[in-house]
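Here are my notes on the model you sent, set out as numbered points. They deal with the ligand and then with a pocket.

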Amino acid sequence: MKRIQLFEFEDFNWLPSFIRSSITNLLALLLKMLKTKDVVAALIHDIKMQHDFKQIVDLGSGSGGVMIDVIEEINKNSNTPVNLLLTDLYPNASVVNNINSLNIKNVRYQHESLNATDFKNAPEGLKTMMNSFHHMPPESAKNILKTAQENKQPLLIYEMGENNIPILLWWLLLPISIVIMVVMVLFMTPFVKNLTFKQVLFTYLIPIIPLVYAWDGQASLVRMYTFKDIENYLLKDLQNDSYTWKIDHAKNVKGKKQGYYILGLPKNK
Ligand SMILES: C[S@@+](CC[C@H](N)C(=O)[O-])C[C@H]1O[C@@H](n2cnc3c(N)ncnc32)[C@H](O)[C@@H]1O
């Protein structure tokens, strides 16, 4: 397997929640800048044509990422709006309250923790995992796919990047990549939605947030599953006649590659 199981600060339960949310706030901003909404909305639109669902249950939602914009796009011209339930293993109460208090049509963030590995007990609907699948170690990742298939639940996994850099080169470039990402954070922070005083303080005065973001971002790259990892390991024993799997590059509106996706769908009888 090419993927390597490095740590990310985000995965530690001792990480103060304001740091975790600052990281996911920055990620949400980056996704907005990259217009990822269009990429994901197009994928979900296609899924809806093949398999109808009334709710999307997003696992590992962080600060909401791209999904709130996506649901607005999906429901824009629809007579049967789809609900969006955001969930996370570490839901930050102030992020949850903030999103819920906006009373965005058809959107709710669940207060209680939901572990993506507890896939079987997640509420009904299309499950989505936006930039969170690489957080799952191989056994858990495999189990999620297996459970989706066994329970005939539709599942869309999207990762904004791809693990295609040789690992030696990744290590060699790491110092410069970290510096670039730290500088990026310094420029991005003023544009973060719901920016808090703490995020400003721990960015510009004590720059813990830029360092955590830079490490987690770089580690994420090599933690992503490659197509071969998915085909030869995660999906190896999972082929059957009642469920289909598709792994492909995601494309933006100009047809350029922008991340990749894994789509699991029950076959229509
Ligand atoms: C990189 S962030 C992505 C956040 C958001 N989906 C986005 O695209 O901006 C990964 C998120 O997955 C969550 N996460 C990590 N492990 C998880 C698990 N086992 N179950 C549910 N969420 C998890 C983290 O708390 C974090 O919010």
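**Notes on the ligand site and a pocket**

1. Ala116 makes a backbone contact with the ligand: one of its polar backbone atoms is 2.8 Å from a ligand nitrogen atom. The ligand has 600 Å² of accessible area on its own, and the protein covers 96% of that. Please keep in mind that this is a predicted model.

2. Two further polar contacts deserve a look. In Asp88 a polar side-chain atom lies 2.6 Å from a ligand oxygen atom. Leu89 uses its backbone instead, with an N or O atom 3.3 Å from a nitrogen atom of the ligand.

3. The ligand is surrounded by 19 residues, and Gly60, Asp88, Asn115, Ala116 and Met130 are the closest. By type, the shell holds nine polar, eight nonpolar and two charged residues. Helix H1 supplies the largest share of this shell, three residues.

4. Turning to the pocket, the second largest one has a volume of about 660 Å³. It is lined by 32 residues, and those closest to its centre are Asn25, Ala28, Ser63, Lys193 and Asn194. Helices H1 (17-33), H2 (36-50), H3 (67-75), H4 (93-101) and H7 (197-205) are the elements that each give two or more residues to this lining.

5. Which helix gives the most to the lining of the second largest pocket? H1 does, with eight residues. The lining as a whole divides into 13 polar, twelve nonpolar and seven charged residues.

6. For the text, I would mention H1 in both places: it gives the largest share of the shell around the ligand, and H1 also gives the most to the lining of the second largest pocket.

Methods. Residues numbered from 1 in each chain as written. Predicted model: local features only at pLDDT ≥ 70, side-chain atom pairs only at ≥ 80, totals over all residues. Heavy atoms only, no water. 1 Å grid on protein atoms, 1.4 Å probe; cavity = no way out; pocket = protein on both sides within 12 Å on 5 of 7 lines; lining within 4 Å. Points joined across faces, edges and corners; volume = space filled by probe spheres on them. Helix = DSSP H or I, 4+ residues; strand = E, 2+ residues; numbered from the N terminus. Nonpolar A, V, L, I, M, F, W, Y, C, P; charged D, E, K, R; others polar. Near = heavy atom within 4 Å. Polar contact = N/O pair within 3.5 Å; in protein donor to acceptor, adjacent residues only side chain to side chain. Areas by Shrake-Rupley, 256 points an atom, 1.4 Å probe, with all protein chains shown as cover.
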